[in-house]
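Notebook open, structure loaded. I want to go through the pockets, the ligand and a few backbone oddities, and jot down what turns up.

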Amino acid sequence: MKNFVFLLFTIVFSLNAFSQRIVQSLNTAWQFSIQNNINNSKIVNIPHTWNAQDPFEGGKDYFRGKGVYQKKIFVSEKWQNKQTFIKFEGSNQITTLFVNNVEVGKHIGGYTGFVFDITKFLNYGEENELKIEVDNSHHQDIPPLDADFNFYGGIYRDIQLINTDKVHFVTANEAVGNIKITTKNVSHHKAEVSIEAQVINHSSSVKEIMVKANLLDSKNIIIAVLKQLVTLQPQENKTITLQHTIVSPQLWSPETPRLYRAKTFITEAHSTKVLDQIASKFGLRWFSADPEKGFFLNGEPIKLIGANRHQDFEGLGNALPNALHRKDYKMIKAMGANFIRAAHYPQDPEVYKICDELGLLVWSEIPIINDVTDSEKYHDIALQMQREQILQFYNHPSVIMWGYMNEIFIKMVFNNKLSSKQKKAKIKTTVSLAKKLEKETKRLDATRLSVMALHENEIYNTSGIANIPDVIGWNLYFGWYSQGLENFGAFLDRQHQKYPDRLLFISEYGPGADVRIHTENPKPWDYSEDYQLQLHKSYINQVKERDYILGMSAWNFADFGSSFRQDSKPYLNQKGLVNFNRSPKDIYHYYQARLLKNPFIYIQGEHFTDIYLNNNQEKANFTVFSNAEEVNLQIGEVFTTAKVKDGLAKFKVALPEGTHKVIATAKGEKHERTFYIHYRSNLLKNIQQQPITVNVGTHVNFKDFLSDEVWLSDQPYSVGGFGYVGGNVFQPSSTKFQGTSFNIKGTQNNPLFQTMRESIEAYKFDVSEGEYRVTLYLTEPNSKASVENIYNLSSAAIEKVAGIRDFDIKINGKLAKENLNLARDYGALRAVTLAYDVSTTQGVIIEFTAQAGKTVLSAIKLEKL
Ligand code: GCB
């Protein structure tokens with residue numbers, strides 16, 4: 001025993017003592033400049049992007065061009081006998097490395113890793129200059145050509161310097177030096193493991209080496225030592241395969257994400273001297289998919305449910321430290337998900353690592369999105385991306401699907417300028433690329449499923465492209481881009497009937513939601529959290545009713561940057577289950593109620609604790625998300641119970657105005673939240689304490705989290721109360737969005753200004769005697785509105801001016817503003833506030849009279865002075 005311990009110690013000690021590979025981070029302190037403007041350089045750390053801010057300020061004109069990173073490193077004399085590499089985990093999108101002003105190499109593509117061998121470019125015993133040019137300009141031969149996310153430029157993932165012995169595992173290849181571990185014929189009884197390592201001899205003499213792999217199980221116990229003697233001629237490169245059958249394997253699954261390790265070494269043939277060493281992890285699991293019964297993991301049925309995930313983050317763009325990647329996936333796991341689609345591109349290596357560790361099944365894809373170019377170069381780059389993705393993330397047990405196209409015909413379908421001949425040619429090149437990608441995918445990895453995501457259009461069937469991959473993912477937006485939540489299931493049933501052998505997945509679904517917007521009467525495109533709940537609930541139910549659907553992934557885990565979008569928060573896609581800074585929306589907790597196995601309870605309304613009832617005749621609604629059968633609710637003296645259906649327990653409770661602590665309990669779990677009940681019928685009476693703030697022209701309440709003001713949904717005037725007189729909700733036919741979807745300049749509170757009432761005649765408040773301030777919130781929604789001065793025109797001429805809007809405002813009969821033309825006076829799509837003080841003996845009436853076009857009002861505030 002003593003001898004054995006000594007022997008083990010000697011082996012471990014000697015392996016470590018002579019380990020030759022040194023991997024060090026090269027992230028810190030690069031001199032960076034845009035367009036090589038060295039006079040304007042600054043010191044930055046990697047991960048870095050130059051687009052962390054500008055897509056959120058100016059929208060789609062954010063800078064796409066060249067950035068240059070420079071740094072000096074000292075290279076010791078000792079490195080002469082070594083091989084030296086620089087490894088990038090990802091840099092967007094063309095990266096060129098220069099050492100001492102000599103070009104070493106170029107890599108194309110922004111979402112996979114790559115390695116340059118810089119050995120022969122170095123000067124030993126002195127300082128060497130590294131220069132990296134990165135260019136994120138649009139390029140017709142590089143995917144993605146077009147997509148609903150920002151193409152942030154820069155070295156946005158980690159960068160490393162690697163030194164190896166002259167004899168080493170090949171490092172500068174498409175696999176970024178990873179050793180390939182294949183698991184085959186996995187069952188509860190056994191698993192076949194094969195380890196494929198490429199070795200190379202860069203020295204000038206013949207080398208006798210031993211390639212060796214120690215296999216360790218999930219408890220860190222060595223279960224096998226595999227070896228092979230190899231002779232390498234100078235410059236020779238060989239692939240060595242070591243094989244082993246593991247009996248009674250410790251299987252990997254979302255519940256038990258057990259990982260094995262392979263420590264692979266090159267030693268001298270007849271000594272323990274280690275020349276190179278790489279540690280890899282792998283997992284043992286098997287899966288299958290059936291077009292009727294769905295997905296199976298390790299022989300058990302499992303409905304895959306989770307989300308898509310984009311990699312950007314508020315304030316950082318795509319340049320995230322590993323800790324933030326990890327945090328996202330921990331949140332996704334804590335949501336109860338077992339699945340993630342890494343959309344729309346391969347993500348940071350840390351992502352695949354954490355998915356292995358947490359037990360999340362992964363669909364990973366390359367960014368061939370919306371359109372393809374009919375060029376050999378584009379096809380080749382697409383194929384290279386797929387090879388890099390597969391080879392770099394091959395060992396991860398979490399990965400079950402390799403994707404290669406997303407909604408690839410969408411650009412063509414909406415492009416009226418293309419002739420039918422051009423469309424035919426586009427279809428031909430796209431189908432031919434899909435075939436090539438499918439073949440390459442299977443050549444490199446026949447153990448996983450191939451997949452592509454489609455948008456709701458028959459072209460994918462008629463073109464035949466949907467027959468190419470193993471799995472079809474449908475991105476379906478019924479209840480958002482197309483109508484009717486119930487059409488979702490009906491659409492899938494039709495597809496399933498027509499193509500009964502096809503494996504179907506729901507790769508995307510979801511509406512935009514802004515936590516500032518709340519309503520009891522949700523509608524599509526109102527951006528309320530309430531509509532988000534309605535849609536997700538319906539989709540989950542419809543998927544659960546259908547065994548044939550393999551799974552579903554919500555679009556998207558988090559809000560993400562999309563420079564051309566405007567909506568309720570400009571330059572963001574707001575379909576996230578959590579915000580851009582990852583603070584959860586209520587819907588995140590709803591998924592917990594639907595997916596978690598441990599008892600869970602959550603009272604809806606994190607962002608909306610002010611409840612406005614008409615009067616004491618109306619009851620307050622409370623909704624609790626839970627996975628229990630029933631939930632108990634206590635509010636003061638009131639105790640009530642409700643059954644849970646689809647993860648929701650609903651309560652209606654009569655409550656007086658004021659503060660109420662609501663306590664929900666179920667299965668020993670408890671959640672509480674304080675709500676404030678207000679009666680609209682008392683608002684005029686209480687105006688001294690709280691101004692009246694109305695979100696005119698909409699059914700949604702809006703909360704400004706800076707001021708804590710709640711802007712109430714609009715109401716018609718009735719005697720003794722307040723509200724609008726005349727007019728209609730402004731709804732341009734060109735948009736589904738409530739009001740105008742354009743960004744409103746000069747405010748953070750877009751939704752307040754975007755919705756409005758047009759042709760409004762008056763806004764009335766039946767207040768008592770006193771001094772008041774009325775503030776009108778206005779915007780010209782038509783970007784082409786006329787800036788004509790109507791007093792320069794005859795009435796016949798006014799009629800002819802398109803898009804003119806000119807109106808007068810009277811307050812309590814007194815002219816307050818004459819000939820207001822918002823476009824002329826402030827510019828269109830700009831937030832305008834006009835405040836007037838008024839002294840009244842009774843009531844405040846604001847009248848609007850059009851001189852040309854229609855009157856308009858977005859919001860109104862009345863406060864008592
Ligand atoms: C899609 C696309 C995705 C978009 C999403 C949306 O179908 O695949 O990239 O972001 O729709 O929100 O419109």
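Where does the ligand sit? I checked this before anything else, and the answer is the largest pocket. Note to self: this is a predicted model.

**Entry: the largest pocket**

I looked up the volume next, and the largest pocket holds about 1200 Å³ of space. Its lining runs to 37 residues, and the ones closest to the centre are D148, I410, Y481, F564 and R565. I then asked which helix gives the most to this lining. That is α5, residues 410–413, with three residues. I410, already on my list of residues closest to the centre, falls at the start of the range 410–413 given for α5. Sorting the lining of the largest pocket by class, I got eleven nonpolar, 15 polar and eleven charged residues.

**Entry: the ligand**

Which residues come nearest to the ligand? There are 13 around it, and D148, H344, E407, Y481 and K575 come nearest. D148 and Y481 had already come up among the residues closest to the pocket centre, so I cross-checked nothing further there. For the class count of the shell, I noted four nonpolar, four polar and five charged residues.

I went on to the polar side-chain contacts with oxygen atoms of the ligand. D148 has a polar side-chain atom 2.5 Å from a ligand oxygen. For K575, a polar side-chain atom is likewise 2.5 Å from an oxygen atom of the ligand. With N406, I read 2.9 Å between a polar side-chain atom and a ligand oxygen. How much of the ligand's accessible area does the protein cover? On its own the ligand has 320 Å², and the protein covers 93% of that.

**Entry: the second largest pocket**

I moved on to the second largest pocket, with a volume of about 940 Å³. I found 32 residues in its lining, and K87, N178, A279, P349 and K353 lie nearest its centre. Which elements each supply at least two residues of this lining? My list has the strands β5 (82–88), β10 (159–165) and β18 (274–282), plus the helices α3 (349–358) and α4 (376–393). The class split for the second largest pocket is eleven nonpolar, eleven polar and ten charged.

**Entry: cavities**

How many cavities of 30 Å³ or more are there? I count four. The largest cavity has a volume of about 90 Å³. I pulled up its lining, which includes I517, W525, D526, Y527, N695 and T698. Also in that lining are V700, F737, Q738, P751, Q754 and T755. By class, the lining of the largest cavity has six nonpolar, five polar and one charged residue.

**Entry: backbone oddities**

Last, I went after unusual backbone geometry. I46 and P47 are joined by a cis peptide bond, with omega about 5°. I placed P47 in the loop between β3 (42–44) and β4 (66–75). N92 and Q93 also have a cis peptide bond between them, and there omega is about -5°. Q93 belongs to the loop between β5 and β6 (94–99). β5 is also one of the strands I listed for the lining of the second largest pocket.

Which residue has a positive phi although it is not a glycine? I noted N220, with phi at about 75°. Its place is the loop between β14 (207–216) and β15 (222–232).

Methods. Residues numbered from 1 in each chain as written. Predicted model: local features only at pLDDT ≥ 70, side-chain atom pairs only at ≥ 80, totals over all residues. Heavy atoms only, no water. 1 Å grid on protein atoms, 1.4 Å probe; cavity = no way out; pocket = protein on both sides within 12 Å on 5 of 7 lines; lining within 4 Å. Points joined across faces, edges and corners; volume = space filled by probe spheres on them. Helix = DSSP H or I, 4+ residues; strand = E, 2+ residues; numbered from the N terminus. Nonpolar A, V, L, I, M, F, W, Y, C, P; charged D, E, K, R; others polar. Near = heavy atom within 4 Å. Polar contact = N/O pair within 3.5 Å; in protein donor to acceptor, adjacent residues only side chain to side chain. Areas by Shrake-Rupley, 256 points an atom, 1.4 Å probe, with all protein chains shown as cover. Sits in = over half its atoms within 2 Å of the grid points.
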